[in-house]
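Notebook open, coffee poured. I am going through this model one strand at a time and writing down what I look up.

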Amino acid sequence: MSPDVAPIYLDHAATTPVDPRVARRIADVLALPLGNAAAVHAPGLAAHQLVEVSRAQVASLIGATAEDIVFTSGATESNNLAITGTARLALQRGAKPHLVTLATEHKSVLEPLRALQAQGVMVSILRPGTDGLLDPQSLAAALRPETALVCLLHVNNETGVAQDVPALAAVCAARGVPLHLDCCQSAGKLPVAVRDVALLSFTAHKLGGPQGIGALYVSPGHRGASRRRCWAVATSAVCAPGHSPRTRSQALDSPPSLPPRSAKPSRSGSPRCATGSGPGCRACPARCSTRIRSRALRTSST
Ligand SMILES: Cc1ncc(COP(=O)(O)O)c(C=O)c1O
């Protein structure tokens with residue numbers, strides 16, 4: 001290629017260029033005098049407000065509500081959090097979890113599953129048909145009483161094959177098995193119904209956003225069934241030092257037009273912790289997902 005000919009980048013399944021409108025918004029937010037979103041002073045509260053506006057915007061993309069969205073560093077982290085979090089809670093409860101996936105999944109799903117398998121967790125890796133599709137009957141046959149999660153790609157990142165999510169979700173629902181969908185390639189492009197799923201991963205950089213920002217949807221029903229697990233993950237991660245949710249929010253935020261959220265400090269001056277996790281811990285239900293980090297759960301997969 002001649003050096004004066006600009007390359008034409010076409011692999012938008014791998015990543016999309018950052019939309020100029022997103023780049024401008026990032027620059028605008030970076031220029032704001034924001035504080036640490038975990039702080040209770042005005043600049044911190046303004047940053048927190050931006051995060052919450054972003055959370056609502058991201059939730060609307062998949063028809064979810066804001067409180068169901070956990071910000072992550074990308075779909076790799078979302079997938080790891082969904083898989084290892086589910087398996088570890090089952091292990092903590094003394095169960096012997098069984099997880100099911102498809103051989104053609106992204107490695108951010110396959111690698112944590114293989115890591116769990118190496119630790120003795122039962123994992124079934126199913127083969128798709130020659131058309132790339134998972135036969136609902138094959139899925140049904142693979143499910144066991146101890147199956148804790150089925151992990152599937154909605155649209156395959158290499159072949160473009162779209163699984164029949166309603167049919168596969170119906171199989172899972174009939175057996176009471178939570179379904180985790182990796183919707184990196186479909187979110188914002190195809191209809192994605194969170195109605196059928198317990199967990200759903202997606203990422204900004206397939207949609208004109210920057211790399212390094214993603215989300216995990218956790219359905220209320222899944223949280224209700226396993227609230228202890230969710231809070232166990234949240235509380236340890238929330239209290240992890242050095243987390244700055246503001247950096248995540250900057251890519252997707254609106255300008256800070258909303259009034260700052262009013263904090264309700266405890267007598268000690270720290271926000272109240274609704275989980276009772278201890279003084280200074282800010283893992284209350286209204287704020288926790290801002291701070292959830294899965295650093296402890298993340299594997300080396302990329
Ligand atoms: C299907 C799928 N899942 C997960 C990922 C990982 O996403 P991220 O780069 O945000 O970690 C990708 C990105 O290549 C992908 O295509």
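**Entry: strand β2.** I began with the two faces of β2 in this predicted model. His98, Val100 and Leu102 lie on one side, Leu99 and Thr101 on the other, and all of them are buried. I noted the strand as residues 98-102, mostly covered, with five of its five residues buried.

**Entry: the neighbours of β2.** Which strands pair with β2? I found β3, residues 122-126, paired with β2 in the parallel sense over five bridges. Within that pairing, I see Val100 standing opposite Ser124 of β3. I then followed the chain from β2 to β3: it passes through helix α4, residues 107-118, and this β-α-β crossover is right-handed. Next I looked up β4, residues 147-153, which also pairs with β2 in the parallel sense, over four bridges. Here I wrote down Thr101 opposite Cys151 of β4.

**Entry: on to β5.** Are the residues of β5 buried or exposed? I took β5 as residues 179-182 and found that Leu179 and Leu181 point one way, His180 and Asp182 the other way, and all are buried. The pairing of β5 with β4 is parallel and counts four bridges. In it, I listed Leu179 of β5 as the bridge partner of Val150. Between β4 and β5 the chain crosses through helix α6, residues 165-175, and I recorded this β-α-β crossover as right-handed. I also checked β6, residues 199-203: three bridges join it to β5, and the two strands run parallel. Leu181 has Leu200 of β6 as its bridge partner.

**Entry: two residues looked up singly.** Why does Val70 count as buried? I placed Val70 in strand β1, residues 69-72. Val70 counts as buried because it has 27 C-beta neighbours inside 10 Å, and the cut-off for buried is 20 or more. I also noted its spacing to Ala215: 145 residues apart in sequence, yet 5.5 Å apart in space, C-alpha to C-alpha.

My second pick was Ala141, in helix α5, residues 136-142. Ala141 is exposed because 11 other C-beta atoms lie within 10 Å of it, and exposed means 12 or fewer. From Ala141 to Val171 I wrote down 30 residues in sequence and 9.9 Å in space, C-alpha to C-alpha.

**Entry: around the ligand.** Which residues come nearest to the ligand? I have 13 residues around it, and Gly74, Ala75, Thr76, Asn157 and Thr203 come nearest. Sorting the shell by type, I get three nonpolar, nine polar and one charged residue.

**Entry: the chain as a whole.** I tallied ten helices and seven strands for the protein chain. Of its 302 residues, 42% are buried. For contacts with a separation of 6 or more, I noted that 69% come from residues 24 or more positions apart.

**Entry: confidence.** The average pLDDT for the protein chain is 78, and 73% of the residues score at least 70. I flagged residues 224-302, where the pLDDT is below 50; in the model this stretch has 145 contacts beyond near neighbours in sequence.

Definitions and conventions: Residues are numbered from 1 along each chain as its sequence is written. This is a predicted model: local features need pLDDT of at least 70, side-chain atom pairs count only at pLDDT 80 or more; totals for chains, interfaces and linings use all residues. A residue is near a molecule or strand if its C-beta atom, placed from the backbone, lies within 6 Å of it. Ala, Val, Leu, Ile, Met, Phe, Trp, Tyr, Cys and Pro count as nonpolar, Asp, Glu, Lys and Arg as charged, and the others, Gly among them, as polar. pLDDT is the predictor's confidence in each residue, from 0 to 100. Two residues are in contact if their C-beta atoms, placed from the backbone, lie within 7 Å. Two strands pair if DSSP finds at least two bridges between them. A crossover is right-handed if, with the strands pointing away from the viewer, the path from the first strand over the helix to the second runs clockwise.
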